[in-house]
Amino acid sequence: MPFRGLQQLLTFDSHSRYISEISPPEIRGTLLVLQELSIVTGIVIAFYITYGTRYMAGNWSWRLPFLIQMTPAIVLAAGVTFLPFTPRWLCQVGRDEEALKTLSKLRQVPEDDPRVLQEWYEIRSEVAYRKELMQEKYPHLQDGTVKSRLLLQANNWADTWRGRAWRRTQVGVGLMFFQQFVGINALIYYSPTLFATMGLEYEMQLTMSGVLNVCQVVACLWSLWGMDRFGRRKLLLGGGVCMVGVAETALISSWAKDDMLMKSTRQQFLSHFIIAILVGLFHDSWPQHTAAAWTSVAFLLFFMLTFGATWGPIPWAMPAEVFPSSIRAKGCAQGTMSNWGNNFIIGLITPPMLHGIGFGTYVFFAVFCLLALIWVYFFIPETNGRTLEQMDYVFGDNQTAHEQARRERIERELIHRVNDKEEQLAAKA
C-alpha cells in the first residue's frame, strides 16, 4: 500500500502537467478532461469488479481485484517509455532543435510551418525570459554548485507564494481544496452509508452507489465538449450554482417527530439543504415516506452529474495551465498535495459527522458549495483558448513597459540567432 501511495503522488501530479504542455490551446481542456474521464471510468470498473467478487468464497474475493488492477499499471509502465519529452521541458534544458521536432510531430505539420515556428519561438522566448528573471533575482545562486542548486529550488518553492505569484498558487490549491470540501469523496467513499440515511435497503444501497458513479462518467463525457466550448470559469460558476443547486420541491403531507401534520410547503431549497431537511424529517420513518427518500436520492444523483461536468475535471486542468515554466512543477505539486491532504480530511471526518450530526453533514457540504461559488467569482480568471505562455496576460503579471520591452528584445534576439544559423547552414550547403 505505501508503494501505491507513492504511485498516486507521482502520477497524479505529472499527468495533467504533461498533457497541458503538449496540447494546443484550443483542445487543451478536452484532453485534460480525458484524464478525469479515465479516472472516473476506472472507479466505475473497480466498483463493479468488487461488486461481483463479493460473491466469491475465500480470500479471492479481495485478492482478485488487487490482481486485476496490476494490468493497467503494467500497461502504463510499458507505454510511458514511448511518450516524447514535452517541447517546453526540452527548451528548458537547451535541446531546442529536438523541441522543434517534437512540436512538429505533435502538431502533425512540417517543421517549417509558420504555426509551429511561432509556438516554438514563444516557448523559447518564455524560457529565456524566465531564466533571465531568475538570474537577476538570484545572481548569487548561479554557480551551479549543489548548494546553490538546492537553495535555488527552495527559493522557487517560496516564489509560488511571493509577489503576484500567489494569485496563481491559490487557484491550484483552492480548487483542489473546494473540490474535496463540496463533499464528492464523501459520496464516493461512503455512498452506501449515505443511501442508508435515506432509508434504502442494503442491496439498493450498493446498486445506487454504482449508479452514482456512472452519473459522474456520463457528466464527464459531456465535459469533453463543454470544457473548451464554455470555458473553465463559466463551468465552475455554473457547477457551483447547481451544486448549491437552487431547485424547487414540494414537501407534501410531511410529518414531524411529534407526529403533528405540517402544512404543504413549496419553496426554493439548496440541494444539500434539501437532502438535509428530508433526512432530518424522515430518518426514522422512511417506510412511510418513500417519495421523500427517492427525492433525496435524486438530488444526490443531480449533485454528482453537476460535479462530474464541472468541478470534477476543471480542478485537475487549471493548475497545470496557470503557472509559468519556472515554477509549474512546484505549483502543480502544491495543488496535488492540497487534493490528497483534504481528501484525507474528508475521509476522516465524514463517518463521525454522519454519526454525530446526521443531516447536518449535508448542511456542512452545502456551505462549502456556496463558499466555492463566491471564491470562484472573485478569484478565478478564464484561461480557455490561451497558450501557457500567455498566462501572464491572464493574470496581469509582468505587463509594465519595461517587461514588455524585455520580452520583445528576447524574441528579437532569438529570431536573429535562428536566422543566422539558417544562413550559415545554407552557406555550407
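User: What percentage of the 429 residues of the protein chain count as buried?

Analyst: Buried denotes under 20% relative accessible area, exposed over 50%, and partly exposed the range in between, with a 1.4 Å probe and protein chains only. In this chain, 47% of the 429 residues count as buried. The model is predicted: local features need pLDDT of at least 70, side-chain atom pairs count only at pLDDT 80 or more, and totals for chains, interfaces and linings use all residues. Residues are numbered from 1 along each chain as its sequence is written, and side-chain values use heavy atoms, with hydrogens and water left out.

User: How many helices and strands does the protein chain have?

Analyst: Both are DSSP runs numbered from the N terminus: helices are H or I with at least four residues, strands are E with at least two. The protein chain has 20 helices and 2 strands.

User: Which residues make the nonpolar surface patch?

Analyst: Patches consist of residues with over 30% relative accessible area and no salt bridge; like charges are joined within 9 Å, and nonpolar side chains (Val, Leu, Ile, Met, Phe, Trp, Tyr) within 5 Å. A salt bridge is a side-chain nitrogen of Lys or Arg within 4 Å of a carboxyl oxygen of Asp or Glu. Areas are obtained by the Shrake-Rupley method with a 1.4 Å probe; for residues, only the protein chains shown count as cover. Here W161, W166, V367, L370, L371, I374, Y377, F378 and F379 make a patch of about 910 Å². Helix α18 (residues 360-379) gives the most to the patch, with 7 residues. L370 lies in helix α18 and is partly exposed, at a relative accessible area of 39%.

User: How many aromatic pairs does the structure hold?

Analyst: Rings of Phe, Tyr and Trp (its six-membered ring) pair if their centres lie within 6.5 Å; planes under 30 degrees apart are stacked, over 60 edge-to-face, and the rest tilted. The structure holds 20 aromatic pairs. For F85 and W89, the ring centres are 4.8 Å apart and the planes at 25°, so this pair is stacked. F85 is partly exposed at 44% relative accessible area, and W89 is partly exposed at 34%. One aromatic cluster is formed by F177, F178, F181, F364, F365, F368 and W375.

User: Over the face of which residue does R233 lie?

Analyst: A charge sits over a ring if NZ of Lys or CZ of Arg is within 6 Å of the ring centre and within 35 degrees of the ring normal. R233 lies over the face of Y377, at 5.6 Å from the ring centre; Y377 also belongs to the nonpolar patch. The charged end of R229 sits over the ring of F230, 5.2 Å from its centre.
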